[in-house]
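Me: I'm new to this structure and would like a close look at a single part of it. Could you pick one helix and walk me through what surrounds it?

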Amino acid sequence: EEVEQTYIMIKPDGVQRGLVGEIISKFERKGFKLTGLKLFQCPKELAEEHYKDLQSKPFFPKLIDYITSGPVVCMGWEGVGVVASARKLIGATNPLNAEPGTIRGDLAVQTGRNVVHGSDSPDNGKHEIALWFKEDELCAWAAVQEPWLME
Ligand code: DAT
Ligand code: MG
């Protein structure tokens, strides 16, 4: 059980649909710690870098258009097992396959409008937080609830 970092991003559809508070609440209430938070208009170059592993996919241009189509909410979250746990809270890539109770399962219908991003490994969590945030935009802080969350 390692303390990890993950990069969570509310995509432009989540912002436009007024889902920001509800999505942040899921991670906050679970017990994870927010380390960075900003509303941000993503430039095309950054979107391409973030999704560079998908460069050869036919949907890549549409994915870049979507991610840059309006502001996103960028977040860093920290906690024991946060990477896999956040992926569970988010649900399957295709919202029609996502379980009820998950963000995508409850709030989305199409892969191309699936509301939220979450890093897929602890290494990518660190990498993506460094990609999306400047160092002085991140906070290391002690959460008073910690002894009530963990033995
Ligand atoms: P995830 O976001 O669940 O980690 P991924 O990393 O495989 O999924 O893909 C990143 C995003 O790219 C995904 O959230 C939506 C888009 N995408 C993936 N597969 C797609 C497809 N077959 N058609 C359209 N968009 C797709
Ligand atoms: Mg992914």
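**A close look at helix H5**

Reply: Going along the sequence, the protein reads β-α-α-β-α-α-β-α-α-β-α-α, with eight helices and four strands in total. Those are DSSP runs numbered from the N terminus: helices are H or I with at least four residues, strands are E with at least two. This is a predicted model, where local features need pLDDT of at least 70 and side-chain atom pairs count only at pLDDT 80 or more, while totals for chains, interfaces and linings use all residues. Residues are numbered from 1 along each chain as its sequence is written, and chains are lettered from A and ligands numbered from 1 in the order in which they are written.

Now to H5, which runs over residues 82–90 and has Val82, Val83, Ala86, Leu89 and Ile90 as its buried residues. Buried means 20 or more other C-beta atoms within 10 Å of a residue's own (exposed is 12 or fewer, partly exposed is in between), with C-beta atoms placed from the backbone. Down the helix axis, the buried residues of H5 fall within an arc of 125°, so they line one face; the arc is that of the directions from the axis to the C-beta atoms. Here's the general background: an α-helix has 3.6 residues a turn, so residues three or four places apart point the same way.

What covers those buried residues? The cover includes strands S1 (3–10), S3 (72–80) and S4 (116–118), along with helices H2 (20–30), H6 (103–107) and H7 (122–132). Just after H5 comes Gly91, with a positive phi near 95°.

Methods
Contact = placed C-beta atoms within 7 Å.
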